[in-house]
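Visitor: I'd like a close look at one single part of this protein. Could you pick a residue, then walk me outward from there?

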Amino acid sequence: MPITLSRTRLAVAATTVAVLAGGAPVAYAALAGQPPAATGATRATGATGATGATGRAYMETRLLFGTARPDGGPAVTERQFTAFIDRYVTPAFPDGLTVQDGQGQWRDSTGTIERERSYELILLYPAAQGGSRDRSVEEIRATYRRLYGQESVARIDETVRADF
């Protein structure tokens with residue numbers, strides 16, 4: 001049995017790595033329009049001496065927006081979501097962003113599992129700006145909840161290395 005468990009874990013790990021590597025968002029705008037050398041890009045070296053990721057430390061913030069309205073009203077349309085991005089997100093993050101269509105599900109405050117069309121917004125900004133950008137991200141979340149009657153907008157933050 002331990003051999004099967006180890007093989008299963010190995011298969012899950014390999015699949016996870018393949019999905020993350022193949023599906024990683026790469027459509028970020030060049031933040032300063034400068035080549036890597038001009039932005040202070042570095043090459044990380046691990047304990048084994050192997051070359052690691054190229055780039056500088058960035059924050060990657062992902063926001064997950066549902067489109068179904070808890071009150072039963074009409075779902076947020078693509079046109080409404082695009083207008084929301086143009087009016088509230090782009091002014092706060094003019095250097096670039098990525099929006100991906102999705103299909104999500106979550107358990108609402110009444111315990112019901114809701115399935116809905118969704119959007120994933122990906123923001124990438126220098127890690128040193130994390131504190132100052134936090135307020136803008138929270139304003140975006142609050143505005144969407146208020147405008148479209150949403151219970152929540154999920155937020156995921158990770159420190160990543162990026163090179164443009």
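Guide: Let's start at Phe 65 in this predicted model. Setting aside neighbours within four places in sequence, Phe 65 is in contact with Phe 81, Phe 84, Arg 117, Ser 118, Tyr 119, Leu 121, Ile 140, Tyr 144 and Val 153. Some of those names come back when you look at the largest nonpolar core, which has 18 residues: Phe 65, Phe 81, Phe 84, Val 89 and Tyr 144 are the ones that touch the most other members. Strand 2 (51–66), helix 2 (78–89), strand 4 (113–126) and helix 3 each give two or more residues to this core. As a rule, nonpolar side chains in soluble globular proteins tend to be buried together.

Now follow Tyr 144 into helix 3, which covers residues 130–148. With 19 residues, helix 3 spans 27 Å from first C-alpha to last, close to the 27 Å expected. Its buried residues are Gly 130, Arg 133, Val 137, Ile 140, Arg 141, Thr 143, Tyr 144 and Tyr 148. These sit on the same side of helix 3, because they cover an arc of only 165° around the axis. Swing round to the face turned away from that buried side, and you meet the exposed residues Gly 131, Ser 132, Arg 135 and Arg 146. Just past the end of helix 3, Gly 149 has a positive phi of about 60°.

A word on confidence before you zoom out: mean pLDDT for the chain is 77, with 68% of residues reaching 70 or more. Over residues 1–50, though, pLDDT stays under 50, and the model has 46 contacts beyond four places in sequence for that stretch.

Key
Residues are numbered from 1 along each chain as its sequence is written. This is a predicted model: local features need pLDDT of at least 70, side-chain atom pairs count only at pLDDT 80 or more; totals for chains, interfaces and linings use all residues. Side-chain values use heavy atoms; hydrogens and water are left out. Helices (H or I, at least four residues) and strands (E, at least two) are DSSP runs, numbered from the N terminus. The expected span of a helix is 1.5 Å times one less than its number of residues. Buried means under 20% relative accessible area, exposed over 50%, partly exposed in between (1.4 Å probe, protein chains only). The arc is that of the directions from the helix axis to the C-beta atoms. A nonpolar core is a set of buried Ala, Val, Leu, Ile, Met, Phe, Trp, Tyr and Cys residues joined through side-chain atoms within 4.5 Å. Contact means heavy atoms within 4.5 Å. pLDDT is the predictor's confidence in each residue, from 0 to 100.
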